[in-house]
Amino acid sequence: MSRVIKVIIVDDHIIFRDALKFILARSRDTEVIAEASNGQEFLDMAGNYSPDIVLMDISMPVLNGIDTTREAIKRYPEMKIIALSMFSDELYYFRMLEAGVQGFVLKESGSEELMKAIRTVMNGDSYFSSRILCNIIRDFGTEGNRDNEDDKKIVRLSKRESEVLTLICEGYSNNEIADKLGIS
């Protein structure tokens, strides 16, 4: 990367924000420019900053990550948001996608995966922790995962779709998948 990626952290746990700041400070290509402890605090200050990436918790007091993301994207359509997620947040993944996030990183992930996610999203691609994708794909179409009857229909994937999903679960980027499968 030729320039520093400006990051805002939005999470209600101070120790987690401090850990993220420590991780990002070790990288030469990222800088934390602000932080917020809830969604409303972030929305109130977002106009004062021009972040490249926002790391957004899902479950927060005052205003949760879903509603915050939806409002932030409405106000700042170019904003790139990566959801910070725990496995217990699995029910919220689809809502966060609908709200406009470009990626998901599990809070149990290591610093290398976090940096990979930031750089991937910064380059215009989406990034999803492979464990999240595998669980979503595994649970896709199951009754406990969907809200209405239309969404409970059985989904049949083509051979190519299955190949793509397998590579996604293995952690390959869009470009790497295209190269492996010989497609654009």
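In the predicted model, strand 4 (residues 81-85) and strand 5 (residues 103-106) run parallel and are joined by 4 bridges. Within this pairing, Ser85 has Leu106 of strand 5 as its bridge partner. Strand 5 also pairs with strand 6 (residues 127-128), again in the parallel sense, over 2 bridges. Here Gly103 is the residue that stands opposite Tyr127 of strand 6. Strand 5 thus takes part in pairings with strand 4 and with strand 6.

In a regular strand, side chains alternate between the two faces of the sheet. In strand 5, Gly103 and Val105 point one way, whereas Phe104 and Leu106 point the other way. Residues directed to either side are buried. Leu106, the bridge partner of Ser85, is therefore among the buried residues of strand 5, with under 20% relative accessible area.

The connection between strand 5 and strand 6 involves helix 5: strand 5, helix 5 and strand 6 together make a β-α-β unit that is left-handed. Helix 5 (residues 111-122) is also in contact with helix 1 (residues 14-25), the axes of the two helices coming within 11 Å and crossing at roughly 75°. Because this angle falls in the range of 65 to 115 degrees, helix 1 is roughly perpendicular to helix 5. Helix 1 contributes Leu20, Ile23 and Leu24 to the contact, and helix 5 contributes Ser111, Leu114, Met115 and Ile118. By class, the contact of helix 1 with helix 5 comprises 6 nonpolar residues and 1 polar residue, with no charged residues.

Definitions and conventions
Residues are numbered from 1 along each chain as its sequence is written. This is a predicted model: local features need pLDDT of at least 70, side-chain atom pairs count only at pLDDT 80 or more; totals for chains, interfaces and linings use all residues. Side-chain values use heavy atoms; hydrogens and water are left out. Axes are lines fitted to C-alpha atoms, for helices over the stretch in contact, and angles run from 0 to 180 degrees between N-to-C directions. Angles under 35 degrees count as roughly parallel, over 145 as roughly antiparallel, 65 to 115 as roughly perpendicular and the rest as oblique. Contact means heavy atoms within 4.5 Å. Ala, Val, Leu, Ile, Met, Phe, Trp, Tyr, Cys and Pro count as nonpolar, Asp, Glu, Lys and Arg as charged, and the others, Gly among them, as polar. Buried means under 20% relative accessible area, exposed over 50%, partly exposed in between (1.4 Å probe, protein chains only). Two strands pair if DSSP finds at least two bridges between them. A crossover is right-handed if, with the strands pointing away from the viewer, the path from the first strand over the helix to the second runs clockwise.
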